[in-house]
Amino acid sequence: MSGPRMRAWQVAALTEPPSLALCEVERPVPGAHEYLIRVEACGLAFGDTLIVRGRYQIKPPLPFVPGSEVVGVIVEGPAGGLPVGTRVASSCQQGGWAEFARVPARFALALPSGLAPGVALALRSNFPTSLYALREVARLRPGETVLVHAASGGVGSAAVALARWLGARVIATAGGAAKVAAVKALGADQVIDYLAGDWVDAVRRHAPEGVDVVFDPVGGDVGVQSLRCLAFGARYLIVGFAGGAITALPANKLLLHNATAHGVLWGEVRKRDAALANRLTSDVYEAHARGALALLEGQGFAFEAAPRALSALHERRSIGKLWLETTGAA
């Protein structure tokens with residue numbers, strides 16, 4: 001006998017363009033160390049645009065419900081955990097684009113009262129990623145200069161805000177007047193429109209001695225050209241490949257600048273070191289509560305508009321965090 005049902009977006013085949021279907025499926029049953037939450041909002045990340053096409057390093061068995069970050073209310077959970085009715089933000093393996101989702105208890109964070117879902121999702125996912133990259137990996141110091149690519153996106157805008165919070169000077173790149181204006185409002189010291197000309201020359205004008213840290217979620221040729229902007233002893237952070245191509249790093253450029261390249265795979269770090277992940281997330285929420293972190297407004301989409309939201313993210317027509325809104329079934 002089947003259990004209660006819910007609506008969910010499901011991927012039944014890996015196709016190009018991606019094939020998503022809004023289906024009625026059985027509601028998930030939480031495990032011994034999981035919560036079942038009624039989903040209020042589910043976040044979109046650039047990895048989602050890849051995983052639904054089968055182009056990500058993680059390939060869930062078909063069919064699957066995508067989505068790895070959610071905000072919602074606990075409806076069922078283990079004894080001794082957070083009480084039913086607690087509003088939380090959490091990561092999950094997959095399954096977030098649904099009216100109900102199960103999430104690991106160790107990743108569920110109770111939310112302050114009144115926190116908007118888009119803000120809660122950004123603080124729970126994008127900001128810890130960027131804080132880990134800048135503070136834990138790059139060891140960013142006050143007064144250093146950071147070059148942030150894709151600075152109007154989710155992790156990029158978080159990197160801008162966090163670098164400023166950590167006392168660094170920020171040079172950012174973004175594409176088009178609207179995105180440049182949004183990044184300037186975040187407090188970046190210089191914002192370069194990469195659609196307007198040679199962004200490498202522009203970076204060099206702003207930082208003649210080079211930049212100390214490169215935060216790169218784009219990859220491909222952007223990553224290769226970034227190595228022309230390095231200061232001596234710089235750190236290059238490989239955060240992702242939103243441009244669609246893996247960066248073929250010329251090792252001689254690293255050698256000449258006595259520089260280092262670091263991979264940043266936050267999801268794996270979070271699984272391996274939950275204590276570190278929780279500490280970084282708490283630091284982010286506390287800084288936001290004090291008014292120390294600026295956020296881009298982002299955009300919420302109706303639950304039924306998931307394909308349109310995914311296209312906006314894939315085609316780089318979005319600014320800030322994107323999410324789907326659903327109240328879940330009663």
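1. Let's start with one pair of residues in this predicted model. Arg-235 stands opposite Thr-260, a residue of strand E13. The strand E12 (residues 230-238) is joined to E13 by 4 bridges, and the two run parallel. If you find these two strands in the structure above, you have a good place to begin.

2. Now widen the view to the sheet. What is the order of its strands? The sheet is open, has 6 strands and reads E10-E9-E8-E11-E12-E13, with parallel pairing. Strand E10 (190-193) and E13 each have a single partner strand, so they stand at the edges with one side lacking a neighbour in the sheet. On average, neighbouring strands of this sheet are turned by 15° against each other, direction ignored. As general background, strands of a sheet pair through backbone hydrogen bonds, in either a parallel or an antiparallel way.

3. Two helices deserve a look next. H3 packs on the sheet and touches E8, E11, E12 and E13. The direction of H3 makes about 150° with that of E11. H5 also packs on the sheet, where it touches E9 and E10. For H5, the angle between its direction and that of E10 is about 170°.

4. Helix H4 (residues 154-165) is worth your time too. H4 has 12 residues and reaches 17 Å from its first C-alpha to its last, close to the 16 Å expected at 1.5 Å a residue. Is H4 largely enclosed or exposed? Because 9 of its 12 residues are buried, H4 is largely enclosed by the rest of the structure. Among the buried residues are Gly-154, Ser-157, Val-160 and Leu-162. Their cover includes helix H3 (126-137), strand E8 (145-148), strand E9 (169-174), helix H5 (177-186) and strand E11 (211-216). After H4 comes Gly-167, whose phi is positive, near 90°.

5. Stay with Val-160 for a moment. The largest nonpolar core has 53 residues, and Phe-127, Leu-134, Val-160 and Leu-237 touch the most other members. Which residues does Val-160 contact, leaving aside its neighbours within four places in sequence? They are Val-148, Ala-151, Val-170, Ala-172, Val-183, Leu-186 and Ala-188. There is also a second, separate core of 36 residues, which includes Val-52, Val-65, Val-88 and Val-103. In soluble globular proteins, nonpolar side chains tend to be buried together.

6. Next, check two peptide bonds that lead into prolines. The bond from Glu-16 to Pro-17 is cis, with omega near 0°. Pro-17 sits in the loop between strand E1 (5-10) and strand E2 (21-26). The bond from Leu-62 to Pro-63 is cis as well, with omega near -10°. You will find Pro-63 in the loop between helix H1 (46-51) and strand E4 (69-76).

7. Finally, here are two loop residues with a positive phi. Arg-139 is not a glycine, yet its phi is near 55°. Arg-139 lies in the loop between H3 and E8, and it counts as exposed because its relative accessibility is 54%, where exposed means over 50%. Asn-258, also not a glycine, has a positive phi of about 50°. Its place is the loop between helix H8 (251-256) and strand E13 (260-263). How does Asn-258 count in terms of accessibility? At 48% relative accessibility, Asn-258 counts as partly exposed.

Conventions
Residues numbered from 1 in each chain as written. Predicted model: local features only at pLDDT ≥ 70, side-chain atom pairs only at ≥ 80, totals over all residues. Heavy atoms only, no water. Expected span 1.5 Å × (residues − 1). Buried < 20%, exposed > 50% of the residue type's maximum accessible area, 1.4 Å probe, protein only. Contact = heavy atoms within 4.5 Å. Core = buried A, V, L, I, M, F, W, Y, C linked by side-chain atoms within 4.5 Å. Pairing = 2+ DSSP bridges. Axes fitted to C-alpha atoms, helices over the stretch in contact; angles between N-to-C directions.
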